[in-house]
Amino acid sequence: MSESGMKNISSDPTCEEIFTVLSEYIDGELSKELCEAIEAHNGNCPPCQAFVETYTKTIELVRTQPAEPLPSAVKDELSAALKRCQDALDQTR
Amino acid sequence: MEGNDAMLAKLQDNELVTRAQQGRHDAFEELVSRYAGRLYSMGRRMCGNDDDAKDMLQETFMAAFKGIDGFRAEAKFSVWLFQIAKHACMRMRRKSTFAPRETLSLEELVPNEEELKTLSVADWRRTPIDKLLNKELQGALDEAIQVLPPDHRMVLLLRDVEGFSAEETGQIVGASISAVKSRLHRARLFTRKHLHHFYQDQGSSHV
């Protein structure tokens, strides 16, 4: 698959075809018919079902990355840098 | 009576931008407090170290401060800000000696017939995400993200961590929507493959 376009899949998709559109499937970007075709395939194909489960779990893990607080030293340095910027701008006004 | 900070905290980004364009430094500071943590986290993952992330953060906000008058109200402030951050990240990367992967081929990321035979639905799928995300898995996840090619890593972070749409992500990284989708898919496949053994271990430990 090139960067220029996602591959189309048939109404009775193969395992390989499903792998190429998983991202769009998870993001809800495929038609209802294609989603149903993928789910029908997965119902009879435990490896694909497992692959979709691990792929989905991976996305969940990435999405639930804990937010790191901004270290106070970084915050202080940023504030000082912006203050210098603001003062320089105010002097020119 | 409501304090100034509390009042500013209730405003939408673009309302704060309008005030900042009128010379209200406190409005810009509210925007900084909204986005500094998110940008620093992304910077750490993109630059690979705390010092470059700190420099990227300062460079981004100083550029945003100087350029705020040129911001157009029809644009989305967060997209504009992350565009600036993306350019700052690229400059930091050129100075870095860290060498992530350059490309991702689909062939190496999708399972071959041999791997397909070993795949089964493991019990971990029913495990809540907060129970699953232990220190070992977090380390493996951080490592996977870190070794992604930079253009794929940026797309993964913008889409799946920051929650930007494919269109907004395309605007930030300067790529078409189809290119964004392709990079996102490969980045997710790569990350899944990197965690594959963990999933298998989790499954077998429940058997």
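Here are two short exercises on chain B, with worked solutions.

This is a predicted model, in which local features need pLDDT of at least 70, side-chain atom pairs count only at pLDDT 80 or more, and totals for chains, interfaces and linings use all residues. Residues are numbered from 1 along each chain as its sequence is written, chains are lettered from A and ligands numbered from 1 in the order in which they are written, and side-chain values use heavy atoms, with hydrogens and water left out.

**Exercise 1.** Describe the setting of B:Asp160, from its helix to its contacts.

Solution. Start with the backbone: B:Asp160 lies in helix α10 (residues 150-161) of chain B, helices being DSSP runs of H or I with at least four residues, numbered from the N terminus. Next, check exposure: B:Asp160 has a relative accessible area of 3%, so it counts as buried (under 20%, with a 1.4 Å probe and protein chains only). Then list the contacts (heavy atoms within 4.5 Å): leaving aside neighbours within four places in sequence, B:Asp160 touches A:Ile59, A:Val62, A:Arg63, B:Leu184 and B:Arg188. Finally, look at the side chains: those of B:Asp160 and B:Arg188 are joined by a polar contact of 2.8 Å (a pair of N or O atoms within 3.5 Å; within protein, one must be able to donate a hydrogen and the other to accept it, and residues adjacent in sequence count only if both atoms are side-chain atoms).

**Exercise 2.** Work out the make-up of chain B and how confident the predictor is in it.

Solution. Count the elements: chain B has twelve helices and zero strands. Turn to burial: 51% of its 207 residues are buried. Now take pLDDT, the predictor's confidence in each residue from 0 to 100: the mean for chain B is 85, and 82% of its residues reach 70 or more.

Technical notes: Helix = DSSP H or I, 4+ residues; strand = E, 2+ residues; numbered from the N terminus. Buried < 20%, exposed > 50% of the residue type's maximum accessible area, 1.4 Å probe, protein only.
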